[in-house]
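Trainee: I have not looked at this model before. Please choose a part of it, go through that part closely, and then place it among its surroundings.

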Amino acid sequence: MVINTGMTGLQNLISLINSDNNVSSMTETNVSFGLPAIVAPDGLGRNTEVTASPVDNMDFTGAPVTFTYRRLGLDQQVVSPNLTYAVVDSTTVASLKSTVCTALNLIPSEVDFVETVVARDPLDQGGPGFITQMHLAAKAESLVYIGTLEINCTWNASDPEMSTAFGTQTLSGFNPVV
């Protein structure tokens, strides 16, 4: 099943469970899920186990059930992922996350950047060509993604050359108070 980025990770997992079982009876209200656990992949790439427990008095009874399925690496949502993005001084982690998630077809609530700011390289003096590496990671509780992804942020020239910004360098000076 293809991940629907218009749904949450939980909604995608429930849709997968219902689809593979040819039912539509599991919902977010009648089952609760534990945290997903990485397992050794089987021959079909299933790399995750998650336990679902029936909610008391809500459609199901009995012991919890463990489902095994494949979560995707962050770079597996698109055929040729673009891992380089242009940034400027005003780029925030939130705006970069939105851009990357849209480009890579990821559910934003399932991932976060490891870094908390988009920081310039200390050697960058505001010109183009400098690269900052950011690391997008699947949240530990993500039901659809695993792993991390290195994102290259290339800095566009956003800072003007000082001599251009201040073309008048021979100043008039100060006048005395009269």
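Mentor: A residue is called exposed when its relative accessible area is over 50%, and buried when that area is under 20%. Asparagine 57 has a relative accessibility of 80%, so it falls in the exposed class. The model is a predicted one.

I will stay with loop residues for a moment and then turn to the sheet. Asparagine 57 belongs to the loop that links S3 and S4. Its phi is positive, about 60°, although the residue is not a glycine. Most residues other than glycine have a negative phi. Asparagine 22 also has a positive phi, near 55°, and is not a glycine either. This asparagine 22 follows H1 and sits in the loop between H1 and S1. With 71% relative accessibility, asparagine 22 is over the 50% limit and therefore exposed.

The part to look at closely is the sheet. What is the order of its four strands? The sheet is open, its strands are arranged S6-S10-S8-S7, and the pairing is mixed. Each of S6 and S7 has a single partner strand, so these two stand at the edges with one side lacking a neighbour in the sheet. From one strand to the next, the twist averages 30°.

Start at the S7 edge. S7 and S8 are antiparallel and are joined by three bridges. Opposite phenylalanine 113 stands leucine 136 of S8. Helix H2 packs on the sheet and touches S6, S7, S8 and S10. The direction of H2 makes about 135° with that of S7. Moving inward, S8 and S10 are paired over seven bridges, again in the antiparallel sense. Isoleucine 131 has threonine 154, in S10, as its bridge partner. As background, strands of a sheet pair through backbone hydrogen bonds.

Now for the nonpolar core. The largest one has 24 residues, and those touching the most other members are Leu96, Leu136, Tyr145 and Ile151. Which elements give two or more residues to this core? They are S6 (84-87), H2 (93-104), S7 (111-113), S8 (131-138) and S10 (148-155). H2 supplies the largest share, five residues. Leucine 96 shows the contacts in detail: beyond four places in sequence, it touches Tyr85, Val87, Thr91, Phe113, Val118, Met134 and Cys153. A second core is separate from this one; it has eleven residues, including Leu16, Met26, Tyr69 and Leu143.

Next comes H1, residues 9-20. At 1.5 Å a residue, its twelve residues should span 16 Å, and because the C-alpha atoms at its ends are 16 Å apart, the expected and actual values agree. The buried residues of H1 are Gly9, Asn12, Leu13, Ile14, Leu16, Ile17 and Asn18. They pack against S1 (31-33), S3 (48-54) and S4 (65-69).

Three polar residues complete the picture. Serine 142 lies in the loop between S8 and S9, the latter being residues 145-146. Is serine 142 buried or exposed? Its relative accessibility is 1%, so it is buried. Leaving out residues up to four places away in sequence, serine 142 touches Pro36, Arg71 and Glu110.

Glutamine 77 is in the loop between S5 (72-73) and S6. Its relative accessibility is 15%, under the 20% limit, so glutamine 77 is also buried. Apart from neighbours within four places in sequence, glutamine 77 contacts Ile3, Thr5, Leu72, Leu104, Asn105, Leu106 and Tyr145. Glutamine 77 and tyrosine 145 are 68 residues apart along the chain, yet their C-alpha atoms are separated by 9.7 Å. Tyrosine 145 was named above among the core residues that touch the most other members.

Glutamine 169 is found in the segment after H3 (162-165). Its relative accessible area is 57%, over the 50% limit, so glutamine 169 counts as exposed. The side chain of glutamine 169 reaches the backbone oxygen of phenylalanine 166 at 3.2 Å.

Notes:
Residues are numbered from 1 along each chain as its sequence is written. This is a predicted model: local features need pLDDT of at least 70, side-chain atom pairs count only at pLDDT 80 or more; totals for chains, interfaces and linings use all residues. Side-chain values use heavy atoms; hydrogens and water are left out. A nonpolar core is a set of buried Ala, Val, Leu, Ile, Met, Phe, Trp, Tyr and Cys residues joined through side-chain atoms within 4.5 Å. Buried means under 20% relative accessible area, exposed over 50%, partly exposed in between (1.4 Å probe, protein chains only). Contact means heavy atoms within 4.5 Å. Two strands pair if DSSP finds at least two bridges between them. Axes are lines fitted to C-alpha atoms, for helices over the stretch in contact, and angles run from 0 to 180 degrees between N-to-C directions. The expected span of a helix is 1.5 Å times one less than its number of residues. A polar contact is a pair of N or O atoms within 3.5 Å; within protein, one must be able to donate a hydrogen and the other to accept it, and residues adjacent in sequence count only if both atoms are side-chain atoms.
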